[in-house]
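This report takes up the overall make-up of a protein chain and then turns to one sheet and the helices around it.

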Amino acid sequence: MSQEWLKARQTKYVAYAATYIIIITAVLVVANFLANRYNKSYDATTNKQFTLSDQTKKVIGDLKQDVTIQYFDRPSGMQAGKDLLDRYANLSPKVKVEYVDLLKNPQLARAANITREATAVIGLGAKKEEARTFDETGVTGALVRAEKGGERTVCVVGGSGEHRVDDSSAEGLSDFQNAVQKDNYKVKPIGLLEKAEVPSDCTVLVVAGPTGDYVQPEVDAIKKYVENGGRALLLLDPPLKLGRKEISDNNALLTMLSGWGVTADKDLLLDANPLSQLVGLDATVPLVTNYESHAIVNDLKGTATGFPLSRSLDVKNGDKTTVTKLFSTSDNSFSTTNLSSAEIRLDPNKNKKGPFTMAAAGTYNTGKPNNQGRFVVVGNSTWASNSFLRFNGNRNLMLNTMNWLSSDEDLISIRPKEPEDRRILLTRAQFLMLRSVSQFLLPLVVVFSGVMVWFRRR
């Protein structure tokens, strides 16, 4: 083997190595340049937890002027702030983010009345709004408040056995209250028995499943409110007569709705939808997966909502109202008028066959410009209670309804996602099996394999 051949061989290897180094360096330079110029990321979580929601994208996309987000925190918390707020800045050049170090610039915090760490303040023109919580819900909510201005109030009627906003049990509306407050509504309970008049500061009036009859003055107050341009959500359960829990017919309230073009039938819906069985629901909980064309439900396509113990509605346009169906039961549904039997049986030979309308939205022509009354009627109230509000799309349906009623259609969208609970629950037997495999079996396999290799090499 000659010296010339070895030298040529070495020169060739050096050339190959130099080429590889140049290629790798070039790739790293280009990648670094692109990463510096284009801030892109991939969200691999199943529910896209680290991707901004459609609602946020809609709010940012509709901005008419520049927005400044100031984030106040200590240096240790800055990265968490950037992880969220940089996503906002990447959506639009109109969003500018400023990170304020509380240790270096305490005077800025005092000037902005900042009293806690991890606080975001949204500036839109002369308006400033502080995010109530530092997450997407809080930041987007502050953006909405700064853009819309004014306070929106949800008035929840009480006094006739309705669900209560101060009740955290399964039957209560405490989750409803928390959800609408995050969506920038103020919530207050009201009574119409003491004074048969809807307060003037009510943006939306909510009648949530009364079990007792409304007297005529209460009904007249609701009727006057809507027909003068007010907004109302009416959740009416079927008049079940089961033991101690009886739901009144509420004929005065039903007569008012009939005058608007919505007839609430005195029946109970039973839905044998096969999808219901897959998610653990029985026939008394109609599962909805198909929706009509309306601003409230357009964004719910492909999302399931559930309505336990529901009644059907018949809808038509009235003299001054325009009424639209929102959704119905499946083709496998039936209705029964036997509302006093503790045992509910589905009998296709006796029960009326569906589909049946379950919810409707209507507008009332007041004759005044820009003063349209609006109302939504759902033949069930439990879907909005603590026991069912978190079921699939129920929360989004409720918030979409509130936004439409308050004329905030531009905010109707799928809301920021709740963190997904990915915990693994194991029985004691499964835990012991997992522990035995990880602590004993796998190490023994490794040791045994090593010993076998050692014996073979000997």
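In this predicted model, 43% of the 458 residues of the protein count as buried. Among contacts between residues at least 6 apart in sequence, 71% join residues at least 24 apart. The secondary structure of the protein comes to 11 helices and 20 strands, from which one sheet and its neighbouring helices are described here.

**The sheet**

An open sheet is formed by 4 strands, which follow the order S2-S1-S3-S4 with mixed pairing. Its edge strands, each of which pairs on one side only, are S2 (95-101) and S4 (127-130), and from one strand to the next the twist averages 20°. Two of the pairings within this sheet are set out below, each with one pair of residues that face each other across it.

| Strands | Sense | Bridges | Residue pair |
|---|---|---|---|
| S1 and S3 | antiparallel | 6 bridges | Glutamine 70 opposite valine 121 |
| S1 and S2 | parallel | 7 bridges | Tyrosine 71 with tyrosine 99 |

Strand S1 spans residues 67-73 and strand S3 spans residues 119-124. Of the residue pairs in the table, valine 121 belongs to S3, whereas tyrosine 99, the bridge partner of tyrosine 71, lies in S2. The parallel pair S1 and S2 is also linked along the chain, which crosses from S1 through H3 to S2 in a right-handed β-α-β crossover.

**Helices on the sheet**

Which strands does helix H3 touch as it packs on the sheet? Helix H3, made up of residues 78-91, is in contact with S1 and S2, and its direction makes about 170° with that of S2. Helix H5, for its part, lies across S1, S3 and S4 and runs at about 155° to S4.

**The contact of H2 with H5**

Helix H5 (residues 136-148) also meets helix H2 (residues 54-61): the axes of the two helices come within 10 Å and cross at roughly 35°, and the crossing in which H2 passes H5 is left-handed. On the side of H2 the contact is made by Gln55, Thr56, Val59 and Ile60, while H5 contributes Glu136, Thr140, Leu143, Val144 and Glu147. Sorted by class, the residues of this contact are 4 nonpolar, 3 polar and 2 charged. Helix H5 is thus described in two settings, lying across S1, S3 and S4 of the sheet and crossing H2 at roughly 35°.

Technical notes: Residues are numbered from 1 along each chain as its sequence is written. This is a predicted model: local features need pLDDT of at least 70, side-chain atom pairs count only at pLDDT 80 or more; totals for chains, interfaces and linings use all residues. Side-chain values use heavy atoms; hydrogens and water are left out. Axes are lines fitted to C-alpha atoms, for helices over the stretch in contact, and angles run from 0 to 180 degrees between N-to-C directions. A crossing is left-handed if the near helix is turned anticlockwise from the far one by less than a right angle, and right-handed if clockwise. Contact means heavy atoms within 4.5 Å. Ala, Val, Leu, Ile, Met, Phe, Trp, Tyr, Cys and Pro count as nonpolar, Asp, Glu, Lys and Arg as charged, and the others, Gly among them, as polar. Two strands pair if DSSP finds at least two bridges between them. A crossover is right-handed if, with the strands pointing away from the viewer, the path from the first strand over the helix to the second runs clockwise. Buried means under 20% relative accessible area, exposed over 50%, partly exposed in between (1.4 Å probe, protein chains only).
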